[in-house]
Structures are given as C-alpha cells and as structure tokens.
Amino acid sequence: TLDFGADPEGARGVINAWVADQTEDRIPDLIPEGAITPLVRLVLTNAIYFLANWASPFEPEATSPGPFVTAAGSEVTVDVMHQTEFLPYAAGDGWVAVSLPYVGDQLSMLVVVPDAGRFDEVEAALGTELYAAIDGALASQRVALALPKWEVDSRFQLADVLSELGMPQAFLDGEADFSGMTAAEPLHISSVIHQAFVSVDEQGTEAAAATAVLMAGSSLPPEPVAVTVDRPFLYLVRDEPTGTLLFLGRVTDPS
C-alpha cells in the first residue's frame, strides 16, 4: 500500500528498490522519474532473475577478438568465445541453429543464426511454425562454435505494442473496464514499462576437473560442423522439459 497521490516519488523508490532486490541490482531503476503521477492508483510489478552455468563452459583462454557484421552493415570487433563440442545442431532454409545446455540439462539457450540478408525474414517467422521446425530438427553434432560475448540492457514502452496485439481498450480513458477491481472510479492502463538485462560470457562457473579414461577401439572423431556467429542472431533461453521460453532476444551488435 503506497500513497501515489501525496508521495509519488517515494512510491517510485519503494517499487524500484523491490525490483532491484529481486533482480540482484541488475535493474535498479525500472520506473523512471515522473512516471508515477498523482493520478496513479496502482502499479502491478513482476520480476525474474536467472543465473545458470553452461554444461560445457568456454575456456577463457580460447576467447579472442573477431569480426561481427552488424544489422546496419558495419563491421565491429568483438570478443568471440570458441569451443568444439557435441551439441544439438540443425540447419534449414536460411538459418542454422545450435543449442547450448546449462548445467543439469533442464535449461538451454537456442541460438538461431539467419543467413546473411535474411535476419528480418527468419525473425518474423520464428513465432510461427519455424520454432517448432528448428526444435524438431535438432540432433547431436560435433560443432566448432564461435560465439560472441554480449551484454544488453534494454528498456521498452509496451503500451503501443500491446494495443497492436489486440488489447487497445485497456489503455483508453473512459473505455477501459476494470470494474472488477474497483467501482470507486474508472481505471485504465497508462503505461507498461519493460526492462531486461542479459549477459553472456564464458564465466560464472566455479570449476573443478576430473578425468575418466575409457578404453575402446580406435576411432577418429567426426569432422565438426562450423557455426561462426559473426552476424545478427536470435537467442531463446528455454526450459527443456516443458519447452517454456524464459527469455527471447536478438543480438544485432554485441559490441
């Protein structure tokens, strides 16, 4: 319970402090100054924090500078991680994909790399049958993966987006119907603010080592397929048993 009318900035501080606590201070200022006015009656807030280590961590010593062609067509130099492992891999019309499991194999990050010039096409199709097609085509393959490190901090105002998705009435003063919440006065949604922080690197792992020697007949490992992520790509952090997507993002310039 907060007094938005008499102390809007104090209310903002309380809410932002809760979000900062829930996100380990990665999102310390979700609601910007001035967003809460004396007309505000309630603020509905949620937060999620995710921290997981790769099942097969990247060796920091293998990270080196490499080129990345941004969505704008310019070339930047970024830190690129390298590893060769058996990973779920698939390739299709206009894309390649590789899945990186986290420790415990309950969670994974699916990296989808569209062919040069086809990013918008693949991104637009991802929400339809394409995601299911990619997921169904994944099969274990020895992959020589080159993946950039990246960190993004993004903020979005979602009122227009949600209106376009089919709920414009909720944002219209005088037309929205939230009478199920209160009959004291008509309410409408004034704004929706979303902020996300994602950091991907080879670290975050307390490592130990063990060696197992298995004796078998002589066999050469298969030639790895090369997946070099040097252009805009999509990533999906997902729960493996249910397929639930936890985070979905695009990287167009990791620098």
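Arginine 238 is buried in this predicted model, because its relative accessibility is 3% and the cut-off for buried is under 20%. Its charge isn't left alone, though: arginine 238 makes a salt bridge with aspartate 135, with 2.9 Å between the closest N and O atoms. This pair ties together distant parts of the chain, since arginine 238 sits in strand β9 (residues 233–239) and aspartate 135 in helix α2 (residues 119–137), 103 residues apart. Aspartate 135 itself is partly exposed, at 37% relative accessibility. So the arginine end of this bridge is buried, while the aspartate end is partly exposed.

Now for a pair within one helix. Glutamate 9 and arginine 12 are both in helix α1 (residues 8–22), three residues apart, or about one turn of the helix. They form a salt bridge, and the closest N and O atoms are 3.0 Å apart. Here, too, the arginine is the buried partner: arginine 12 comes out at 13% relative accessibility, whereas glutamate 9 is partly exposed at 34%.

Then there's arginine 231, which bridges to aspartate 230 with the closest N and O atoms 3.1 Å apart. Both ends count as partly exposed: arginine 231 has 21% relative accessibility, and aspartate 230 has 28%. Why does arginine 231 count as partly exposed rather than buried? Its 21% doesn't fall under the 20% cut-off, so the buried label doesn't apply.

Salt bridges with shared partners also join up: Glu9, Arg12 and Asp29 make one network this way. The glutamate and arginine of the α1 pair are therefore members of that network, along with Asp29. In total, the model has eight salt bridges.

Here are the three pairs described above, with the distance between their closest N and O atoms.

| Arginine | Acidic partner | Closest N and O atoms |
|---|---|---|
| Arginine 238 | Aspartate 135 | 2.9 Å |
| Arginine 12 | Glutamate 9 | 3.0 Å |
| Arginine 231 | Aspartate 230 | 3.1 Å |

As for the general idea, side chains of opposite charge can pair when their charged atoms come close.

Away from the charges, what makes up the nonpolar patch on the surface? Leu42, Leu44 and Met181 do, and together they have about 380 Å² of accessible area. Methionine 181 lies in the loop between α3 (159–164) and β7 (193–200). Is methionine 181 buried or exposed? Methionine 181 is exposed, because its relative accessible area is 54% and the exposed class starts over 50%.

Definitions and conventions. Residues numbered from 1 in each chain as written. Predicted model: local features only at pLDDT ≥ 70, side-chain atom pairs only at ≥ 80, totals over all residues. Heavy atoms only, no water. Salt bridge = Lys/Arg side-chain N within 4 Å of Asp/Glu carboxyl O. Helix = DSSP H or I, 4+ residues; strand = E, 2+ residues; numbered from the N terminus. Buried < 20%, exposed > 50% of the residue type's maximum accessible area, 1.4 Å probe, protein only. Patch = residues over 30% accessible without salt bridge, like charges linked within 9 Å, V, L, I, M, F, W, Y side chains within 5 Å. Areas by Shrake-Rupley, 256 points an atom, 1.4 Å probe, with all protein chains shown as cover.
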